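Q: I have a protein model open and would like to learn how to read it. Could you take me through it step by step?

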Amino acid sequence: MTAAGQRDAGPYDPHDGRGRCEWAGSAPDYVAYHDEEWGNPLRGVAAMYERLSLEAFQSGLSWIVILRKRPAFREAFAGFDPERVARFGDDDRARLLADAGIVRNRLKIDAAIGNARAVLDLDTPLDELLWSFAPDPAGRTRPATLADVPAVTPESTAMAKELKRRGLRFVGPTTCYALMQATGLVDDHVAHCWRADGA
């Protein structure tokens, strides 16, 4: 979930006094996601395939929609086990398109299934491939405000190009940067956020 574009709710939560990234204060779901997940380093093929899939489903929508539907997505996509999703056929596609609990977009559903197959064809584990695009944190400056957070970087552009070369879809540079933020490849918690500097 790219922080850019979310409503500026102010830097401090009136309930607990903690400073947070501005996008995190617009709903309790966002607060929990920000405090417990966003920006935490994530490893594991299934975990990264899930996040990649959800970021693709989020394209053109608000992240809160995906966040609230995540349990239904996990059930519908067999816990985002790439080996199981790669075996999905026409009956599964029909089931997914009829499932009101998820985002019923045929192109995104087909991409999630195709991406599972592409993940299995990789010559290196998906998480290792994605982490190979993480920039050196020593060379980065923590964003002072939401306005300083980019939507695309050279690393996310390179990641998108490589993933597309390997047969993955719905993995543009903006989606890839959102993935990098969400899974800790970059730390974009703003300076006043209590999560900054690993707090």
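Q: What pLDDT does the protein average?

A: A good place to start! This is a predicted model, and pLDDT is the predictor's confidence in each residue, from 0 to 100. Here the protein averages a pLDDT of 91, and 91% of the residues score at least 70.

Q: Where does pLDDT stay under 50?

A: Look at residues 1-10: pLDDT stays under 50 there, although the model has 32 contacts beyond four places in sequence for that stretch.

Q: How do I read a helix, and which residues of α1 are buried?

A: Ask which residues are hidden, then what they pack against. Helix α1 covers residues 28-36, and its buried residues are Y30, V31, Y33, H34 and D35. Those residues pack against α2 (45-58), α3 (63-76) and α9 (173-182).

Q: What span should α3 have, and how far apart are its end C-alpha atoms?

A: Count 1.5 Å a residue: the 14 residues of α3 should span 20 Å, and its end C-alpha atoms are 18 Å apart, which agrees.

Q: Where is the kink in α3?

A: To find a kink, compare the helix axis before and after a residue. In α3 a kink of about 60° lies at R70, shortly before the proline P71. R70 is also one of the buried residues of α3, alongside W63, I64, I66, L67, F73 and A76. The buried residues of this helix pack against α1, α2 and α5 (90-97). Just after α3, you will meet A78, with a positive phi of about 50°.

Q: Is Y49 buried or exposed?

A: Check the relative accessible area, where buried means under 20%. For Y49 the value is 0%, so Y49 is buried. This residue lies in helix α2.

Q: Which residues is Y49 in contact with, leaving aside its neighbours within four places in sequence?

A: The contacts of Y49 are F80, P82, V85, A112, I113, N115, A116, V119 and L126. Take L126 as an example: it is 77 residues from Y49 along the chain, yet their C-alpha atoms are separated by 7.5 Å.

Q: Which residues touch the most other members of the largest nonpolar core?

A: First, the general idea: in soluble globular proteins, nonpolar side chains tend to be buried together. In this model, the largest nonpolar core has 55 residues, and F73, F77, M159 and L163 touch the most other members. The elements giving two or more residues to this core are α1, α2, α3, α6 (106-121), α7 (126-131), α8 (154-165) and α9. Try selecting F77: beyond residues up to four places away in sequence, F77 touches F57, V85, F88, L96, I102 and A112.

Definitions and conventions
Residues are numbered from 1 along each chain as its sequence is written. This is a predicted model: local features need pLDDT of at least 70, side-chain atom pairs count only at pLDDT 80 or more; totals for chains, interfaces and linings use all residues. Side-chain values use heavy atoms; hydrogens and water are left out. Buried means under 20% relative accessible area, exposed over 50%, partly exposed in between (1.4 Å probe, protein chains only). Helices (H or I, at least four residues) and strands (E, at least two) are DSSP runs, numbered from the N terminus. Contact means heavy atoms within 4.5 Å. The expected span of a helix is 1.5 Å times one less than its number of residues. The bend at a residue is the angle between axes fitted to the seven residues ending there and the seven starting there. A nonpolar core is a set of buried Ala, Val, Leu, Ile, Met, Phe, Trp, Tyr and Cys residues joined through side-chain atoms within 4.5 Å.
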